[in-house]
Amino acid sequence: MLVAIKLKFAIAAGLLAAPVVMHSLTPATVATDIGFAEFAEIPPADFDYRMAGDFSRAGRPVESPNSTTRLSAKLRIMKRQVTVAEYRRCMNAGACPRIGSADARPDTPVVGVNWHDAQAYAGWMSRTTGLNYRLPTDQEWSFAAAESARSEVAPLVDPSDPAQAWIARYEAESARAASVVLAPQRVGTFGQNSNGLRDVGGNVWEWTDTCFVRATLDDGSLRVTNTNCGVRVVQGAHRTYMTDFIRDPRTGGCAAGVPPANLGFRLVIETGFPGMRGMVSNFFGSLRRS
Amino acid sequence: MITRRTALMGAAIAALLATAPALADDLKLPRQHVNLVAPPFVHPHEQATREGPKIVEFKLTVQEKEVVIDDAGTRFWAMTYNGSMPGPMMVLHEGDYMELTLVNPETNAMPHNIDLHAATGALGGGALTKVNPGEQAVLRWKATRPGVFVYHCAPEGMIPWHVVSGMHGAVMVLPRDGLKDGDGKPLHYDKIFYIGENDLYVPKDENGKYKTYETLGESYADTTEVMRKLIPTHVVFEGRAGALTGKNALTAKVGETVMIVHSEANRDTRPHLIGGHGDYVWEAGKFNNPPQKDLETWFVRGGSAGAALYTFREPGVYAYVNHNLIEAVELGATAHIKVEGKWNEDLMKQVSPPGPIPPDKLGAIDSVSPVVTR
């Protein structure tokens, strides 16, 4: 028994040492790791997309619109989530905020990052590579996630008896939470989807660039009544919304719910007119909050 | 203060008790054996009884073991009564005798005992129940005061360590004719939950990571150092963050009356039911005092138990928390109660869902003022 425990300690010590070795001896390996080869290129195709946000008709919550849509250009998106090793390079370059979770295993997705950390990383990648890196929109993420995307609607709140939906949501979230390992796992642990994306819907949720909207669907037309870019769409095993400065989703939730396990991200490379799209959304985002 | 003499006396009496359970036959009373269940549940019991006093037999077995106390997998050396922290709630009626067998199996490392706040004399029984690994003791005490009371381990020199390592629980002594409000009207509950709050002090290494230890004994020095700073690393219900949320959430129905007994053996706490109230609350937990009505938050002193009755009126998911919200949300002291039933619009209705601020109200001053100033 004692021997077994000692052995475990030795392994743990080895693991702790690994990041240092990785960083000091093999930056080249890490660098090629995030090269072009790790991006999936997905040509435009029709796909079903359910809009993110809260929608209502005549003052009652309704399902958000689901329609067949198509991106205007091919999507170039990271096959895996940004890893600890990658984020640490940005941190060491002084371009990304220091976060406590960056001392985890280098080959696990970086977690404990908020939307601003992800933005900082994307900005640094763009500056160092000359390519335009940014977070995907919710629509892009859903397209790349393909069969791993979850587009089902959470139970709708009936204003005359809201508790039924709360209980149904709570039970659905509880069932899901019980099956999730909390600690981030090595890249690839949660498999690969038909677009070659790894770990979609695993235990790390991903920031998107899409702002939370509230909209009405009266008279057959969609009208956005409120856009809150302080809250962004977060994607994973289910879609949710997070305040942009939250790093640990477990402390960002409300009193009675089951939050995502971890917050991480993956990036896309802008393939259209460089930077325009991300810049525009960021411009409006910063306007909103100023 | 324990003198050498009282310690010796305790040992002598403990020896007497241990030799002959037959001694307890000096009382010609009916006996009842109770099988205990782990919190948040409570063993079946009558709320009021027509029967006369009896001897109620309970057995607590001490288990020292490593447990996980949060979703991050933090490991912690616990000392427990019957394997749970807190230990099980024991229910009897005023005038009954509790005959408690305390077993300390040989596999344990530490001596243990039990101080029952409901009992009178011998440090609550602590002086008569000190058992080393491989020993057991039997204590009988008369339940003279109705209420909910804490019990805990109290070995000389190491009391707080044993308590904050999990060795505490609660006794409920019910009035023979049941609970009453201040006007003598009987009160009943359809369900009872026992919520035991733990303040835990887990040492960290130089990198801020929680430390693990190969044995209980090895954790003592570091743990004591954290304890002496009085800032718990975890404040949880039933020994673990999330013990009463998600799949483990408590359940009730609209119209059901629920009794929630809340104990904290070491530190003050302030239970609050988010979205509900305490209809009748025995804040200090003693049933000879009339319950307070309609409380929002109630105070449970460290080293005591409180009891609250509430009849659910609206369905939904309720959070039952220690309303130091930092302790509830950041440190773990949150439970959830799923309540099924029909929504009551008279009590609450969403008149207008979140939406844009109507321009005629928001913009009124802005649009009018230029005209006025011109």
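Start with chain B, which has 6 helices and 21 strands. The model is a predicted one. Of the 374 residues in chain B, 44% count as buried. Among the contacts in this chain with a separation of 6 or more, 75% are between residues 24 or more positions apart.

**Stop 1: the two domains of chain B**

Colour residues 4–178 as domain 1 and 196–340 as domain 2, following the domain assignment of chain B. Their C-alpha centres lie 21 Å apart. Where they meet, 36 residues of domain 1 are in contact with 38 residues of domain 2. On the domain 1 side, select β2 (55–68), β3 (75–81), β8, α2 (159–164) and β9 (168–174) of chain B, each of which supplies at least two residues. The largest share of that side, 5 residues, comes from β8(B). By residue class, the domain 1 side divides into 24 nonpolar, 7 polar and 5 charged.

**Stop 2: the nonpolar core**

Next show Phe149(B), Ala170(B), Val171(B), Met172(B) and Val261(B), the residues with the most contacts inside the largest nonpolar core, which has 98 residues. Domain 1 and domain 2 of chain B both give residues to this core, so it lies between them. Centre on Ala170(B) and display its neighbours: leaving out residues up to four places away in sequence, Ala170(B) touches Pro86(B), Met89(B), Val148(B), Phe149(B), Val150(B), Tyr151(B), Tyr194(B), Gly196(B), Val261(B), Ser263(B) and Ala305(B). Another core, of 44 residues, lies apart from the one just shown and includes Val110(A), Tyr121(A), Val200(A) and Ile246(A).

**Stop 3: a four-strand sheet in chain B**

Return to β8(B) and show the open sheet of 4 strands with the order β4-β9-β8-β6 and mixed pairing. The edges are β4 (90–93) and β6 (115–116) of chain B; each has a single partner strand, so one side of each is left without a neighbour in the sheet. Zoom in on β6(B), which pairs with β8 (residues 147–152) in the antiparallel sense over 2 bridges. Here Leu116(B) stands opposite Tyr151(B).

**Stop 4: strand β17 of chain B**

Select residues 278–282, strand β17 of chain B, where 4 of the 5 residues are buried. Which strands pair with β17(B)? One is β18 (residues 292–295), antiparallel over 3 bridges. Another is β19 (residues 304–311), also antiparallel over 3 bridges. To see the register, label Gly278(B), whose bridge partner in β18(B) is Leu295(B), and then Tyr280(B), which stands opposite Leu309(B) in β19(B).

**Stop 5: the contact between the chains**

Show both chains together. The contact takes 25 residues from chain B and 22 residues from chain A. On the chain B side, β20 (316–322), α4 (325–330) and β21 (334–340) each supply at least two residues. The chain B side divides into 11 nonpolar, 5 polar and 9 charged residues.

**Stop 6: helix α5 of chain A**

Finish on residues 138–145 of chain A, helix α5, in which 7 of the 8 residues are buried. Those buried are Asp138(A), Glu140(A), Trp141(A), Ser142(A), Phe143(A), Ala144(A) and Ala145(A). Add the surrounding strands: what covers these buried residues includes β1 (39–42), β2 (47–50), β6 (75–78), β8 (205–216), β9 (223–235) and β12 (268–269) of chain A. Just after the helix, Ala146(A) takes a positive phi of about 50°.

Methods:
Residues numbered from 1 in each chain as written. Chains lettered and ligands numbered in written order. Predicted model: local features only at pLDDT ≥ 70, side-chain atom pairs only at ≥ 80, totals over all residues. Buried ≥ 20, exposed ≤ 12 C-beta atoms within 10 Å, placed from the backbone. Pairing = 2+ DSSP bridges. Contact = placed C-beta atoms within 7 Å. Nonpolar A, V, L, I, M, F, W, Y, C, P; charged D, E, K, R; others polar. Core = buried A, V, L, I, M, F, W, Y, C linked by C-beta atoms within 7 Å. Domains from an automatic or database assignment.
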